[in-house]
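Okay, thanks everyone for coming. Let me get the structure up on the screen, and then I'll walk you through what I've been looking at.

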There are 2 protein chains.
Amino acid sequence: MEEFYNYLSDSLSKSEIDQLSKFLVEKRIGKGEILLQAGSVCNHSFFVEEGLLRSFSIDKQGKEHVIQFAPENWIISDRSSLLFQEPSEFFIDAVENTTLIMFDEEFVVKASELSAKYRSFNQKALNNHIRHQQRRINRLLSATAEERYLNFIQLYPNITLRVPQWMIASYLGITPESLSRVRKELARKNFIPG
Amino acid sequence: MEEFYNYLSDSLSKSEIDQLSKFLVEKRIGKGEILLQAGSVCNHSFFVEEGLLRSFSIDKQGKEHVIQFAPENWIISDRSSLLFQEPSEFFIDAVENTTLIMFDEEFVVKASELSAKYRSFNQKALNNHIRHQQRRINRLLSATAEERYLNFIQLYPNITLRVPQWMIASYLGITPESLSRVRKELARKNFIPG
DNA sequence: CGCGTGATTGAAACCCTTCAAGTTTAGTGG
DNA sequence: CCACTAAACTTGAAGGGTTTCAATCACGCG
């Protein structure tokens, strides 16, 4: 709970958090375990205390496409499914053994009632999510595979070293083979990662 | 103002809207006029009463990439720039002669103070935006040009007929020539649009 | 040690882009 | 209402970037 309390501490007082703690569940899951199945309704958001989660879809051909990575102090969920109570198109699973905090919409509603600060905090988080997605769309539309990869390792240096390359390739929208070649080409050009 | 009042009527009473009306500005702009310049901070959201707006970026090579279309009753803006007060990466301009309502963050704050209904309405709108973006990312990662086009005309039949093809191509992340060929191929396969 | 997963490499195929030319459409002014 | 022009769309041929498929290599784990 440590990190999640810390995460909330700017917007909720200690006593307020304690009031809300009954809506929180701490959970430990192993690498590869699944938190959300495509087709089922997503009823929780997941805050990562330690470890690494990801969300992804599987297309008709059975190929995985990584939508998002969530390392420590990130929240991952399917907000569409959560808010509109419709079946999710996405999976969420653990890339590493992970300790996480689960919370549902009731937590968000109660916290919003308790604190205006939390409301604006949450609002800001939503807007930040939109910002990230917008930039990603923009890059998918305009950047080459190499540019997207460089952008990725610069934005998420921390994640780059922790996930297999094929997952990064999937996030970038290219094949593992292509990413391998991109990296080879970068090495040739004396690019030093990190 | 008609449509915007209507848009708000579920979450705010008539008198509440009247109180807030001083934060609203109605504006008419001609086709091609620009509402937001990349590099400048976005201070308003735009609600389309009549007409059609779009947001887009311009990459290093001078190519446009359409991020979003906004027909009647849609809101368009750069939320990142708005909320974080940073220079926008995007342009917003008018695809058709457009009547719109401009409002700033003060409007949102005041409306949120006045009405819990508005808060949840606004929250829902943000989540809906995230949902749309998420699906788009997913499609950019997994679908072919043809699939993306079919998906587009199904999702936005109304927009398809109102914007030039090269803008749709830009939205889909392909060249106008490619879209032309995709359409030709669909016609060959006896696909009837609409 | 051996198996399985992930990374690399090569060759061919494919999709999409680029460039260039031609056609159609839309808008403007006489 | 026609003539003219610019913009949008189409079409073709060549080229580039990525994918696909297959084979090989590297490594960690039971």
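**Two chains, two DNA strands**

Let's start at the DNA. There are 15 residues surrounding DNA strand C, and the closest are Q165(A), S180(A), A145(B), I174(B) and S178(B). Going by elements, those that put two or more residues into the surface near strand C are α8 (165–172) and α9 of chain A, along with α9 of chain B. The biggest contributor there is α9(A), with six residues. If you sort that surface by class, you get five nonpolar, five polar and five charged. Before I go on, please keep in mind that this is a predicted model.

Now the other strand. Which residues come nearest to DNA strand D? Out of the 15 around it, they are A145(A), I174(A), S178(A), Q165(B) and S180(B). The elements giving two or more residues here are α9 (176–188) of chain A, plus α8 (165–172) and α9 (176–188) of chain B. This time α9(B) gives the most, again with a figure of six residues. The classes for the surface near strand D come out as five nonpolar, five polar and five charged.

So how do the two protein chains relate? A turn of 180° with a shift of 0.0 Å along the axis lays chain B on chain A, and the RMSD is 0.0 Å. That's the relation of a two-fold axis.

On to where the chains touch. We have 24 residues of chain B in contact with 24 residues of chain A. On the chain B side, the elements that supply two or more residues are β5 (64–70), α3 (79–84) and α5 (116–142). The largest share is from α5(B), at 14 residues. By class, that side of chain B has seven nonpolar, ten polar and seven charged residues. And 100% of the interface residues of chain B are interface residues in chain A too, so the copies meet through the same surface.

Let me come back to α9(B), since we just saw it by strand D. How does α9(B) sit against α6(B), roughly parallel or roughly perpendicular? Their axes come within 10 Å and cross at roughly 80°, and the two helices are therefore roughly perpendicular to each other. On the α6(B) side you've got A145(B), E146(B) and Y149(B), and they meet S178(B), L179(B), V182(B) and E185(B) in α9(B). The residues of that contact split into four nonpolar, one polar and two charged. Two of these names came up earlier: A145(B) and S178(B) are also among the closest to strand C.

Last stop, the sheets. In chain B, four strands make an open sheet, in the order β1-β8-β3-β6, with antiparallel pairing. At the edges are β1 (25–29) and β6 (75–76), each of which pairs on one side only. Five bridges link β1(B) to β8(B), residues 98–103, in the antiparallel sense, and I29(B) has T98(B) as its bridge partner.

Over in chain A, I looked at β3, residues 45–50. β3(A) and β8(A) run antiparallel, joined by five bridges, and V48(A) is partnered with L100(A). β3(A) also pairs with β6(A), residues 75–76, over two antiparallel bridges. There, F46(A) stands opposite I76(A).

That's it from me, happy to go back to any of the views.

Key
Residues numbered from 1 in each chain as written. Chains lettered and ligands numbered in written order. Predicted model: local features only at pLDDT ≥ 70, side-chain atom pairs only at ≥ 80, totals over all residues. Near = placed C-beta within 6 Å. Nonpolar A, V, L, I, M, F, W, Y, C, P; charged D, E, K, R; others polar. Least-squares fit on C-alpha atoms with pLDDT ≥ 70 in both. Contact = placed C-beta atoms within 7 Å. Axes fitted to C-alpha atoms, helices over the stretch in contact; angles between N-to-C directions. Parallel < 35°, antiparallel > 145°, perpendicular 65-115°, else oblique. Pairing = 2+ DSSP bridges.
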